[in-house]
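Subject: Structure handover

Hello,

Please find the structure below, with the sequence. My notes on what was found in it follow.

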Amino acid sequence: MDFSGRTAIVTGAGRGLGLSYARALARRGAQVVISDCGSDGSGSGADDSVAHDAVRALRALRASGARALADTADLGTEAGCQGLVQRTLEAFGSLDILIHNAGWVGYQALEQTDAGFLERMLGINLYAPIWLARHAWPHLRQSAAPRLLLTTSDRALYPEYAQPGLLAYCAGKMAQVGIMNALGQEGAEHGIRVNAVSPVAKTRMWGVSEEPPELKPDWVTPGVLFLVSEQCQDSGYILRASNGQFSAWRPQEAPGVDYPRDLKRIAAATPEQFARRWGQIKQPFIGA
């Protein structure tokens, strides 16, 4: 899988999963922008050395030196997102791939939720992907194989994996699913494929700083590279990735549905009738 001549922005690429994605793209010929403000585990603070150290590591991958750029903009603002795209174009002249991997895990119970915490969480998970896409869009439309990849989480997607205190985190990760669906439709006529990854890997988000024996970030990367490659012609898929295993899915409408008038499902005219049929109603439709 060759990415020669293609330019990729990877957010949150100074460490962990993002660095693994960026490293793999660079090894396969891509020009890579490492976007990382170097915030701490709570999404606060900044450390410019994180992005610059990652770029030095990428440039050492090949004898000729991988083409890489460090960017430390705060992506919680439109100006930060716009600046990142603009500096990418100034450095490389084009944009083909945008991977929004940046994020952080923060716990705060509902009754303790404060505006600053919520705004910081939504800034990176809701506002950033929208503003990044907004300013990248005209340039992605000019690409021969434009790809946009967002990041969601099993903690938000599946009730059995939800945890107390992750309300804001889950809201942001589910928001990216909706953004994926909307942008997949908007981008279809321009060949812009939009998907999402739900990765599981032991990184600093787990409090892990050394190479883990399992759940390695590099074991997620093969699926990510496919989704941003020319070979991927699908949009709207969520890729679950863990321990080198993958499963891709998307919500599937039942056959013959005339939305919104006829769901082709269980009818009920009264609350009592609904109650009697609840066992049938809650059975999920399994797509073919």
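A residue is called buried here when its relative accessible area is under 20%, exposed when the value is over 50%, and partly exposed in between. Please keep in mind that this is a predicted model.

Cysteines

By that cut-off Cys-81 is buried, because its relative accessible area is 0%. Cys-232 also counts as buried, at 1% relative accessibility. The number of disulfides in the structure is zero. For Cys-81, the nearest cysteine sulfur belongs to Cys-37 and lies 11 Å away, and Cys-81 is in no disulfide. A disulfide would need the two sulfur atoms within 2.5 Å.

Nonpolar cores

The largest nonpolar core is made up of 38 residues. Ile-9, Leu-75, Leu-95, Trp-137, Leu-148, Met-180 and Leu-183 are the members with the most contacts inside this core. At least two core residues come from each of α3 (78-92), α4, β5 (147-151), α5, α6 (167-187) and β6 (193-200). The element that gives the most is α4, with nine residues. A separate core of 34 residues lies apart from this one, and its members include Tyr-21, Val-197, Val-224 and Ala-241.

Leu-75 has contacts beyond its sequence neighbours up to four places away; among them are Thr-11, Ser-35, Cys-81, Leu-84 and Leu-132. The list also includes Gly-123, Ile-124 and Ala-128.

Helix α4

Two residues of this helix were looked at individually. Met-121 is found in α4, which covers residues 115-140. Met-121 is buried because its relative accessibility is 0%. If residues up to four places away in sequence are left out, Met-121 touches Trp-104, Gly-106, Ala-168 and Tyr-169. Gly-172 is 51 residues from Met-121 in sequence, while the C-alpha to C-alpha distance between Met-121 and Gly-172 is 6.8 Å.

His-135 lies in α4 as well. With 12% relative accessibility, His-135 falls under the cut-off and therefore counts as buried. Setting aside neighbours within four places in sequence, His-135 is in contact with Glu-78, Gln-82 and Val-85.

Strands

Which strands pair with β6? On one side of the question, β5 and β6 pair in the parallel sense over five bridges. Leu-150 has Ala-196 as its bridge partner in β6. In addition, β6 and β7 run parallel and are joined by five bridges. Here Ser-198 has Arg-240 as its bridge partner in β7. As for burial, β6 is largely enclosed by the rest of the structure, because seven of its eight residues are buried.

Salt bridges

Side chains of opposite charge can pair when their charged atoms come close. The structure holds five salt bridges, and three of them are described here.

Arg-240, the bridge partner of Ser-198 noted above, also forms a salt bridge through its side chain with Asp-154, at 2.8 Å from N to O. This pair links distant parts of the chain, since Arg-240 is in strand β7 (residues 238-242) and Asp-154 is in helix α5 (residues 154-157), 86 residues apart. Asp-154 is buried, with a relative accessible area of 11%, whereas Arg-240 is partly exposed at 24%.

Asp-53 and Arg-56 form a salt bridge with an N to O distance of 2.3 Å. Both residues lie in helix α2 (residues 49-59), three residues apart, which is about one turn of the helix. Arg-56 counts as exposed because its relative accessible area is 52%. Asp-53 is partly exposed, with a value of 40%.

Asp-262 and Lys-264 form another salt bridge, in which the closest N and O atoms are 3.1 Å apart. Both ends are partly exposed: the relative accessible area is 31% for Asp-262 and 48% for Lys-264.

Regards

Conventions:
Residues numbered from 1 in each chain as written. Predicted model: local features only at pLDDT ≥ 70, side-chain atom pairs only at ≥ 80, totals over all residues. Heavy atoms only, no water. Helix = DSSP H or I, 4+ residues; strand = E, 2+ residues; numbered from the N terminus. Buried < 20%, exposed > 50% of the residue type's maximum accessible area, 1.4 Å probe, protein only. Contact = heavy atoms within 4.5 Å. Salt bridge = Lys/Arg side-chain N within 4 Å of Asp/Glu carboxyl O. Core = buried A, V, L, I, M, F, W, Y, C linked by side-chain atoms within 4.5 Å. Pairing = 2+ DSSP bridges.
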